[in-house]
Amino acid sequence: MKEKKDPKILEKRRRILRGIGIRLLLVLLFIAMAYGANNRLEVTEYTYESDQLAYAFDGFRVVQLSDLHNKEFPKDNAPLLRAIRDQHPDIIVMTGDMVDASNHTNIDAALHSMKQISEIAPCYYVTGNHEHYLSKDQLEPFLEQIAEYGITVLNNETAEIAAPNGQTFALIGMDDNSLQANILKTLADESDNEFQLLLAHEPQFLEDSYAPAGVDLVLSGHAHGGQFRIPFLHKGLLSPDQGFFPKYTQGCFRSGDTTMYISRGLGNSAFPLRLFNHPEVVSITFRVVK
Ligand SMILES: [Fe+2]
């Protein structure tokens with residue numbers, strides 16, 4: 001004869017199973033959200049108007065990539081490469097920390113991604129703090145290798161970007177260790193170009209260094225959007241060198257006649273998770289207004 005179970009025990013078991021099910025669902029939801037937050041790319045498009053740019057650069061497009069930190073996107077970087085190609089960039093600029101010297105030490109992953117990116121459009125690159133965390137024996141071969149891919153390394157140097165009609169603008173690239181040094185002002189003063197675009201990894205020197213140098217536009221990264229974006233407040237939580245609730249984490253800033261766009265970057269460093277803060281490709285289209 002079958003023993004009849006106590007309804008109270010059955011109800012208790014059901015409640016335990018329901019609790020386990022809900023917790024499991026929440027864990028799966030969090031994993032899915034975290035995966036999406038770290039891998040679903042956002043492309044942010046800006047139109048930058050200037051009366052300093054030569055007419056030939058009306059419609060010129062710059063795609064900015066930053067803070068890859070050796071990250072590889074799924075399926076051999078397919079979403080990243082597609083996002084870049086879809087913008088039809090005239091040039092691609094990489095504003096540092098493409099490698100990572102903390103947790104994700106696979107430099108070959110960064111090299112592979114940078115080779116793929118270099119096949120899309122002419123590329124220009126400056127170092128971030130993480131490149132300088134590498135040993136000399138790691139950094140020098142890395143820089144030589146990306147130069148072999150055709151990526152122009154700007155180490156306190158200025159490149160002239162030329163349009164087919166010969167008009168130019170200055171692209172100044174600063175090494176991350178020199179962002180506050182007088183050399184930026186010297187480079188800006190030496191350039192004959194009316195329009196100067198600066199690549200500088202760290203955004204927090206806008207008012208003290210970049211704007212006083214007189215450059216027109218700055219592209220920067222470093223802050224990873226503040227790692228966690230706080231919903232509704234439109235603020236980041238934490239950034240290296242700026243602490244909690246940092247000022248410079250993403251978007252557009254102005255100081256005097258200088259405009260700065262900050263990328264939230266593509267990867268993570270020591271802390272492996274972003275929240276409400278998708279990896280970002282920045283695309284800037286120039287408009288000439290005279
Ligand atoms: Fe970074």
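Reader: Quick one: which element gives the most to the lining of the largest pocket?
Author: That's α4, with 3 residues. Helices (H or I, at least four residues) and strands (E, at least two) are DSSP runs, numbered from the N terminus. A pocket is found on a 1 Å grid over the protein atoms alone: an open set of points where a 1.4 Å probe fits, with protein on both sides within 12 Å along at least five of seven lines, and lining residues have an atom within 4 Å of a point.

Reader: Anything I should know about the model itself?
Author: It's a predicted model, where local features need pLDDT of at least 70 and side-chain atom pairs count only at pLDDT 80 or more, while totals for chains, interfaces and linings use all residues. Residues are numbered from 1 along each chain as its sequence is written, and side-chain values use heavy atoms, with hydrogens and water left out.

Reader: Back to that pocket: which residues lie nearest its centre?
Author: His224, Gln227, Pro240, Ser269 and Ala270, out of 18 that line the pocket.

Reader: What are the protein donors of the iron ion?
Author: Asp67 (OD), His69 (NE2), Asp97 (OD) and His224 (NE2), at 2.0 to 2.4 Å from the iron ion. Donors here are N, O and S atoms within 2.8 Å of the metal (3.2 Å for Na, K and Ca); water is not among the atoms, so sites may look incomplete.

Reader: Where do the two histidines sit along the chain?
Author: They're 155 residues apart: His69 is in the loop between β2 and α2, and His224 is in the loop between β9 (217-220) and β10 (229-230).

Reader: Is His69 buried or exposed?
Author: Buried, with a relative accessible area of 2%. His224 is buried too, at 7%. Buried means under 20% relative accessible area, exposed over 50%, and partly exposed in between (1.4 Å probe, protein chains only).

Reader: New topic: which residues touch the most other members of the largest nonpolar core?
Author: Leu65, Leu80, Ile117 and Phe142, in a core of 28 residues. Such a core is a set of buried Ala, Val, Leu, Ile, Met, Phe, Trp, Tyr and Cys residues joined through side-chain atoms within 4.5 Å. The largest share of this core, 5 residues, comes from α3.

Reader: And what does Ile117 touch?
Author: Leaving out residues up to four places away in sequence, Ile117 touches Leu65, Leu80, Leu81, Ile84, Ile92, Met94 and Cys123. A contact means heavy atoms within 4.5 Å.

Reader: Last one: how many helices and strands are there?
Author: The chain has 7 helices and 16 strands, and 52% of its 290 residues are buried.
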